[in-house]
Amino acid sequence: MMDEDVEATGGHAYDALTPDLILSAVESTGRCCDGRLLALNSYENRVYRVGIEDDEPIVAKFYRPERWPREAITEEHRFAAELADLDIPVVAPLEIESGATLSHAGPFQFALFPLRPGRWPELESIDDRISLGRFLGRIHAVGAISAFEHRPIQNVDTHGWGPLERLMNSGCVPREMTANIEQAARVLLEAVEPRFEQLSDRPKIRVHGDFHLGNVLWSAHGASIVDLDDCCTALPLQDLWMLLDGSRDDMQGQMLDVLEGYEEFHEFDYGSVGLIEALRGLRMVRYNGWLAERWSDPAFPRAFPWFDTPQHWEQQLVGLREQLERLDDPPLRLL
């Protein structure tokens, strides 16, 4: 639950996440902090590099209050551990005590992770794309073994209509643009819905859910896949399409390279590839809804100062309309 004192004074829940609370939380797990504390790049949650005496630094992740119930976070942790136990390079949480990976500090649920620094992959080489495809194929082979019980299922309601409602109720869209933005988003989602319905019988599995290049870190020791915070039940395509960029020919070549590695470990449903632009449209709506829902968190206006400007919404209006047209593009030719 959110801290009642914070709510009563009109502050934000993360106001209570002080350095003392962070270090005390880590030390409550039996580790001795050396006082070094560095905030890492994260907005949905708060993530810190914490120095440990006579040991390697660790990462402490404090989950946003009231976003996920304990069961959903625990399920995320179990999935990560299941993957890591098979030597898939997913960064899984550390055990805190008696097998548990999740604990509490004040109003916050928190977990600890090993530190895995690295850089984003550029995927400019065929070998890099094939290698990343292998990782995804292995993740999905495990993801298909069993099912989530407490994580969301990706559909147009959870990833489209819900975020749009929160966006339009947020007050973040300039008043003079509200009607046009809502209409453009509604028309886009109405066009996306039948495309999802056509694939409703396709197998859905446990997926990473937010597999963009920022969640894959490369170092001299290889790849590290991080942040399963959005793991969900979805078509496997959800974890592949965000790796594509550039022209249609570029994306076609990239996808073929990724699939070369992917299909060494998991069969790909080629019949789902026509959903790529629909998934891109859903992400556009969901991203704006996410920013709007979090706008009361001071970290968001600082990090995304352009979000409530007329220029941003003019660009979004054009983008939504253009994405509607892209829905009618023929699928990538992969066979």
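## Exercises on a predicted model

Strand 1 and strand 2 form a hairpin, and 6 residues lie between them. Keep this hairpin in view as you start, and remember that the whole model is predicted.

### Exercise 1: Walk across the sheet

Work out in what order the strands of the open sheet lie, and which strands are at its edges.

**Solution**

Step 1. Begin with the hairpin. Strand 1 and strand 2 pair in the antiparallel sense through 4 bridges. To find one pair on screen, look for leucine 37, whose bridge partner in strand 2 is valine 50.

Step 2. Move on to the next pair. Strand 2 (residues 46-52) is joined to strand 3 (residues 58-62) by 5 bridges, and the two run antiparallel. Here valine 47 has lysine 61 of strand 3 as its bridge partner.

Step 3. Now cross from strand 3 to strand 5: these two are antiparallel as well, with 5 bridges. Lysine 61 turns up again, this time opposite alanine 111 in strand 5.

Step 4. Finish with strand 4, which pairs with strand 5 in the antiparallel sense over 3 bridges. Histidine 104 stands opposite glutamine 109 of strand 5. These two strands also form a hairpin, with 2 residues between them, and glycine 106 in the turn has a positive phi of about 60°.

Step 5. Put the pairs together: the open sheet has 5 strands in the order 1-2-3-5-4, with antiparallel pairing. Strand 1 (33-39) and strand 4 (103-105) each pair on one side only, and they are the edge strands. From one strand to the next, the twist averages 35°.

### Exercise 2: Cover the sheet

Find which strands helix 2 and helix 3 touch, then check how many residues of strand 5 are buried.

**Solution**

Step 1. Helix 2 (residues 19-27) packs on the sheet and touches strand 1, strand 2, strand 3, strand 4 and strand 5 (108-114). Its direction makes about 125° with that of strand 1.

Step 2. Helix 3 (residues 70-84) packs on the sheet too, touching strand 3, strand 4 and strand 5. The direction of helix 3 makes about 5° with that of strand 5.

Step 3. Now look at strand 5 itself: 6 of its 7 residues are buried, and the strand is mostly covered.

### Exercise 3: Compare two helix directions

Decide whether helix 8 and helix 10 are roughly parallel or roughly antiparallel.

**Solution**

Step 1. Take the angle. Helix 8 (residues 276-293) packs with helix 10 (residues 310-326) at about 160°, and their axes are 9 Å apart.

Step 2. Apply the cut-off: angles over 145 degrees count as roughly antiparallel, so helix 8 is roughly antiparallel to helix 10.

Step 3. Add the handedness: the crossing of helix 8 and helix 10 is left-handed.

Step 4. Locate the contact. Helix 8 contributes residues including Gly281, Met284 and Asn288, while helix 10 contributes residues including His312, Trp313 and Gly319.

### Exercise 4: Look inside

Find which residues touch the most other members of the largest nonpolar core, and decide whether histidine 140 is buried or exposed.

**Solution**

Step 1. The largest nonpolar core has 71 residues, and Met255 and Phe307 touch the most other members.

Step 2. Another core, of 18 residues, lies apart from it; among its members are Tyr14, Leu17, Leu23 and Tyr48.

Step 3. Turn to histidine 140, which sits in helix 4 (residues 126-143). Its relative accessibility is 0%, so histidine 140 counts as buried.

Step 4. Beyond residues up to four places away in sequence, histidine 140 touches several others, including Ile205, Arg206, Asp239, Tyr262 and His266.

Note on methods:
Residues are numbered from 1 along each chain as its sequence is written. This is a predicted model: local features need pLDDT of at least 70, side-chain atom pairs count only at pLDDT 80 or more; totals for chains, interfaces and linings use all residues. Side-chain values use heavy atoms; hydrogens and water are left out. Two strands pair if DSSP finds at least two bridges between them. Axes are lines fitted to C-alpha atoms, for helices over the stretch in contact, and angles run from 0 to 180 degrees between N-to-C directions. Contact means heavy atoms within 4.5 Å. A nonpolar core is a set of buried Ala, Val, Leu, Ile, Met, Phe, Trp, Tyr and Cys residues joined through side-chain atoms within 4.5 Å. Buried means under 20% relative accessible area, exposed over 50%, partly exposed in between (1.4 Å probe, protein chains only). Angles under 35 degrees count as roughly parallel, over 145 as roughly antiparallel, 65 to 115 as roughly perpendicular and the rest as oblique. A crossing is left-handed if the near helix is turned anticlockwise from the far one by less than a right angle, and right-handed if clockwise.
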